[in-house]
Amino acid sequence: MNTRDQVQSMALTYQAICQGERPWVALGNFMNEWFDYAIDQRAQRIADPLTLPEEPDTDALRWAAFCAASVEWLCRRYEVSCPSWFYHSTYSLPEPWFDSPGAHKPQVRERLLQQTPEPFARRNVYCGNRMFANKYEFVQHYQHLSTTMSSVPPTFS
């Protein structure tokens with residue numbers, strides 16, 4: 001998907017997933033836009049509802065729930081007005097989905113149950129709390145710490 005020709009919205013991200021794009025590639029493209037390339041256009045990137053396939057399979061429903069939860073989480077975290085479309089019951093799963101390496105293990109599932117943010121857990125999507133670690137904020141924080149540490153004179157006892 002060429003993100004420079006069109007707005008990389010969550011709706012287009014979900015559409016790419018349904019068309020066979022690897023989910024984390026499509027979501028990574030969206031996150032680059034959200035976190036760096038188009039910070040001033042965040043509301044535009046989440047405004048349109050997801051369009052589910054006519055007869056969605058389990059994966060399509062899971063990723064729709066994940067994308068809706070992502071929009072809610074990102075809106076809360078970055079103080080963007082939430083669109084109303086993500087409240088629709090279509091974006092909630094009837095059965096829990098554990099999406100993480102080792103999710104078949106009881107101890108991993110327990111960790112996911114404890115650490116998954118509420119917008120995901122409410123939709124029965126258990127993925128932990130690291131899926132939106134923002135590398136851009138990490139770099140800014142690191143640079144700030146480096147600047148702060150280099151400006152503090154050493155103390156000798």
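Glu118 and Arg76 form a salt bridge in this predicted model, with their closest N and O atoms 3.1 Å apart. Glu118 belongs to helix α6 and Arg76 to helix α4, so the pair ties together parts of the chain that are 42 residues apart in sequence. Both partners are partly exposed: Glu118 has a relative accessible area of 37%, and Arg76 has one of 48%. Side chains of opposite charge can pair when their charged atoms come close.

Glu118 also forms a salt bridge with Arg122, where the closest N and O atoms are 2.6 Å apart. Through shared partners, salt bridges join Glu72, Arg76, Glu118, Arg122 and Arg123 into one network. Another link in this part of the structure is the salt bridge between Arg122 and Glu72, whose closest N and O atoms are 2.5 Å apart. Arg122 sits in the loop between α6 and β2, while Glu72 sits in helix α4 (residues 58-78), so this pair ties together parts that are 50 residues apart in sequence. Is each of these two residues buried, partly exposed or exposed? Arg122 is partly exposed, at a relative accessible area of 39%. Glu72 counts as buried, because its relative accessibility is 2% and the cut-off for buried is under 20%. For the protein, the count of salt bridges comes to six.

Helix α4 has come up with both Arg76 and Glu72, and it can now be followed from start to end. At its start, a side-chain oxygen of Asp57 reaches to within 3.3 Å of the backbone nitrogen of Asp59. The helix has 21 residues, and the distance from its first C-alpha to its last is 30 Å. That is close to the 30 Å expected at 1.5 Å a residue. After α4 comes Glu79, which has a positive phi, near 55°. How much of α4 is buried? Of its 21 residues, 15 are buried, so the helix is largely enclosed by the rest of the structure.

The next topic is the nonpolar interior. The largest nonpolar core has 36 residues, and those that touch the most other members are Trp34, Leu50, Phe66, Leu74, Phe120, Val125 and Phe132. The elements that give two or more residues to this core are α1 (10-18), α2 (23-37) and α4. Which element gives the most? It is α4, with 13 residues. Leu74 can serve as an example of the contacts made by a core residue: leaving out residues up to four places away in sequence, Leu74 touches Phe30, Trp34, Phe35, Glu79 and Phe132. There is also a second, separate core of five residues, among them Ala103, Val108, Leu112 and Tyr126.

Helix α4 also holds Arg62. This residue is partly exposed, with a relative accessible area of 27%. When residues up to four places away in sequence are not counted, Arg62 touches Leu93 and Trp97. Arg62 and Trp97 are 35 residues apart along the chain, yet their C-alpha atoms are separated by 7.4 Å.

Leu93 and Trp97 appear again among the contacts of Asn124. Leaving aside neighbours within four places in sequence, Asn124 is in contact with Leu93, Pro94, Glu95, Pro96 and Trp97. Where in the chain is Asn124 placed? Asn124 lies in the loop between α6 (118-121) and β2 (125-126), and Arg122 lies in the loop between α6 and β2 as well. Asn124 is buried, because its relative accessible area is 16% and buried means under 20%.

These parts can now be placed in the whole. The secondary structure comes to seven helices and two strands, and along the sequence they follow the pattern α-α-α-α-β-α-α-β-α. The protein has 157 residues, of which 40% count as buried. Among contacts with a separation of 6 or more, 64% are accounted for by residues 24 or more positions apart. The pair Arg62 and Trp97, 35 residues apart along the chain, gives one example of a contact across such a separation. As for the outside, the protein exposes about 9600 Å², and carbon and sulfur atoms supply 51% of that area.

Definitions and conventions:
Residues are numbered from 1 along each chain as its sequence is written. This is a predicted model: local features need pLDDT of at least 70, side-chain atom pairs count only at pLDDT 80 or more; totals for chains, interfaces and linings use all residues. Side-chain values use heavy atoms; hydrogens and water are left out. Helices (H or I, at least four residues) and strands (E, at least two) are DSSP runs, numbered from the N terminus. Buried means under 20% relative accessible area, exposed over 50%, partly exposed in between (1.4 Å probe, protein chains only). Contact means heavy atoms within 4.5 Å. A salt bridge is a side-chain nitrogen of Lys or Arg within 4 Å of a carboxyl oxygen of Asp or Glu. The expected span of a helix is 1.5 Å times one less than its number of residues. A polar contact is a pair of N or O atoms within 3.5 Å; within protein, one must be able to donate a hydrogen and the other to accept it, and residues adjacent in sequence count only if both atoms are side-chain atoms. Accessible areas come from the Shrake-Rupley method with a 1.4 Å probe; for residues, only the protein chains shown count as cover. A nonpolar core is a set of buried Ala, Val, Leu, Ile, Met, Phe, Trp, Tyr and Cys residues joined through side-chain atoms within 4.5 Å.
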